[in-house]
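Please open the model in your viewer, with a cartoon for the backbone and sticks ready for side chains. The stops below proceed from the whole chain to sheets, single strands and then individual residues.

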Amino acid sequence: MPTATTSLSALDISLAALLAEAGFVRAEPPLLMPADLVRDLVGEALARRLYLTTDADGAELCLRPDYTIPVVQAHLEGPQAREAAAYSYLGPVFRHRAGMAGEFNQAGIELLGRADREAADAEVIAIALKAARVYTDGPLQLVLGDVGIFLSLIGALGLPAVWRRRLAKDFRRSGMLADDLRRLAEPASQGPTHAGLLAALEGSDPKAARELVTDLLSIAGITTVGGRSAADIAERFLEQAALGTGGLAADKVAVVEQVLGLDTDPVSAEAKLREIASRAGLDMAAAINRLAERNALLAAADVDLSAAKFSTRFGRDVDYYTGLVFEIHDGSGRAGKPLVGGGRYDRLTDMMTAKLGLDLKVPAVGCAFWVERLAVAGGRA
C-alpha cells in the first residue's frame, strides 16, 4: 500500500522556486486518472506498477504514476492548447516499487508546443543540470541518446512498413532488438501461407491492420484462445508473420550494427554518423542535422559535451519517446538509478490528441527529477 509522502524539503522548495523563476508555471493535476488511458500510453513496464481502484460506477481508475500524462491532458483540453506553454510540477506520484514506499515525491518540467524543437531540447537539458545542482555539488554524468537516429536509420534502409514498426517497438522496449535484427538478416521465408495477407496490409495503419485480422478471426468464430482475446491473437499473428519477411543484405545489417555500436561523446557521434551514412548511401541527414543543432545549442548553454556520453542504443522504458532521450547520473562512480530522466515525446501528444478527437500537432519535451535520489547523491537524505 502507498505510505504517507514525506513533506517537501527545503531543497525541494528551492527547486520549485528555480523552475518558477525559469518561467515554468506550476501544474496541479488530479491524483486519480482513467486507468485505460494510462495503460494505452505508458507501455507495459509502467502499466504493471499502477495502483488501481474503481469509482462508484465501476470505471477503473489509477493513482497517477507520473505527472506527464495529466499535465499534457490538461493542456490539450484547455483554451490555450494551440499555444506554447511551460509547466513544472512537484508532488506525490504512486507506483508499486519492490521494497520501497509506493508513494513518493517527483518534480519535473514539460515544454509543450514549441516549434523550435532542438532549442527546447537543449533548454530542458540545461535546466535539468542546473536543477540537479540544487541538491548536489558532486560530479554528474549526462547520458544522451536519440530515438530519431534509429528511426531514421530503419527508414533509410527501405524496410517494409511492418518491419519498421516492429523494430521501432523493439528499440523503445528493449530486449528483443538483437534477436529481431538477427532474424531480419536471415534469408526471406519462401512460404506462401501469409504472403497475400501481409502484402495487402503492407503500409496500412497498424490499428486498421489489427482490426482487419481481428474481424477475420471473429468471422471464423475465434474469440479467445488460451485466455487471449482475438485482438491479442491478431497482434501476435501480424508480428510473427512479419518476421518471415527478412532478407536484409549483409552490408545493410553491418551498417545497423555500426550505428548501434556508437558510444562516445555527442560531437564525435555526430561526425561518425555522417561518415557511416555517407559510406552506406543512406539518407539520414535530417536526423543527424537535428543532433548537430542540439549539440551547438547545448555548447552555447555551457554544457560540457566532451564529458557527456552519447549512445545510439540508449532508450528509456516508456513507449512514447520519439527523439532526444537523456538521463543525469551520479558521476562519482557509484552504481544507481538516474537522478533525472526525460526526452522528447511527440508520440505521446499525437496519441492523446487522437484520443481526444483534436486536430493538433503539439511538440513536447520534458524531464522528471527523482528528488529522493538527488538528495541521497548530495548527502542530504
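A residue is called buried here when its relative accessible area is under 20%. By that criterion, buried residues make up 48% of the 381 residues in the protein chain of this model, which is predicted.

**The whole chain**

With the entire chain selected and coloured by secondary structure, you should find 16 helices and 14 strands. If you also display contacts between residues at least 6 apart in sequence, 71% of them join residues at least 24 apart.

**The nine-stranded sheet**

Next, select the nine strands that form an open sheet with mixed pairing, and follow them across in the order β1-β5-β6-β14-β13-β12-β7-β11-β10. The edge strands are β1, at residues 25–26, and β10, at residues 263–264, and each of these pairs on one side only. Staying at the β10 edge, add strand β11, residues 309–311, which runs antiparallel to β10 and is joined to it by two bridges. Within this pair of strands, T264 stands opposite F310 of β11. Then show helix α6, residues 147–156, which packs on the sheet and touches both β7 (140–146) and β12 (324–330), with a direction that makes about 25° with that of β7.

**Strand β6 and its two neighbours**

Now move along the sheet to β6, residues 103–112, and colour the strand by accessibility: ten of its ten residues are buried. In a regular strand the side chains alternate between the two faces of the sheet. On β6 both faces are covered, with E103, N105, A107, I109 and L111 buried on one side, and F104, Q106, G108, E110 and L112 buried on the other.

Add strand β5, residues 85–94, which runs antiparallel to β6 and is joined to it by ten bridges; G91 is the residue that stands opposite Q106. Then add strand β14, residues 364–369, likewise antiparallel to β6, and joined to it by six bridges; here E110 stands opposite G366.

Centre the view on N105 in β6. Is N105 buried or exposed? Its relative accessible area is 10%, so N105 is buried. A distance drawn from the C-alpha atom of N105 to that of E372, a residue 267 places away along the chain, should come to 7.5 Å.

**R114, in the loop after β6**

Select R114, which lies in the loop between β6 and α5 (117–132). R114 has a relative accessible area of 19% and is therefore counted as buried, since the cut-off is under 20%. Show its side chain together with that of E123, and you will see a polar contact of 3.1 Å joining the two. Leaving aside residues up to four places away in sequence, R114 touches A84, A119, A120, E123 and P363.

**The three-stranded sheet**

Turn next to an open sheet of three strands, arranged in the order β2-β4-β3 with antiparallel pairing. β2 (32–34) and β3 (52–54) stand at the edges with a single partner strand each, so one side of each is left without a neighbour in the sheet. Looking across this sheet, you will find that the twist averages 45° from one strand to the next.

Three bridges join β2 to β4 in the antiparallel sense, and along this pairing M33 stands opposite C62, while P34 stands opposite L61. On the other side, β3 and β4 also pair antiparallel over three bridges, and here C62 is the bridge partner of L52. β3 and β4 form a hairpin with five residues between them, and G58, in the turn, has a positive phi of about 90°.

**D66, in the loop after β4**

For the last stop, select D66, in the loop between β4 (60–63) and α4 (68–77). Which side chain of opposite charge is nearest to D66? That side chain belongs to R95, at 4.5 Å, and D66 is buried yet has no salt bridge. The side chain of D66 does reach the backbone nitrogen of T68, at 3.5 Å. To complete the surroundings, display V93, R95, Q106 and Y320, which D66 touches when residues up to four places away in sequence are not counted. One of these, Q106, belongs to the buried residues of β6 seen earlier.

Notes:
Residues numbered from 1 in each chain as written. Predicted model: local features only at pLDDT ≥ 70, side-chain atom pairs only at ≥ 80, totals over all residues. Heavy atoms only, no water. Pairing = 2+ DSSP bridges. Helix = DSSP H or I, 4+ residues; strand = E, 2+ residues; numbered from the N terminus. Contact = heavy atoms within 4.5 Å. Axes fitted to C-alpha atoms, helices over the stretch in contact; angles between N-to-C directions. Buried < 20%, exposed > 50% of the residue type's maximum accessible area, 1.4 Å probe, protein only. Lys, Arg positive; Asp, Glu negative; His and termini not counted. Salt bridge = Lys/Arg side-chain N within 4 Å of Asp/Glu carboxyl O. Polar contact = N/O pair within 3.5 Å; in protein donor to acceptor, adjacent residues only side chain to side chain.
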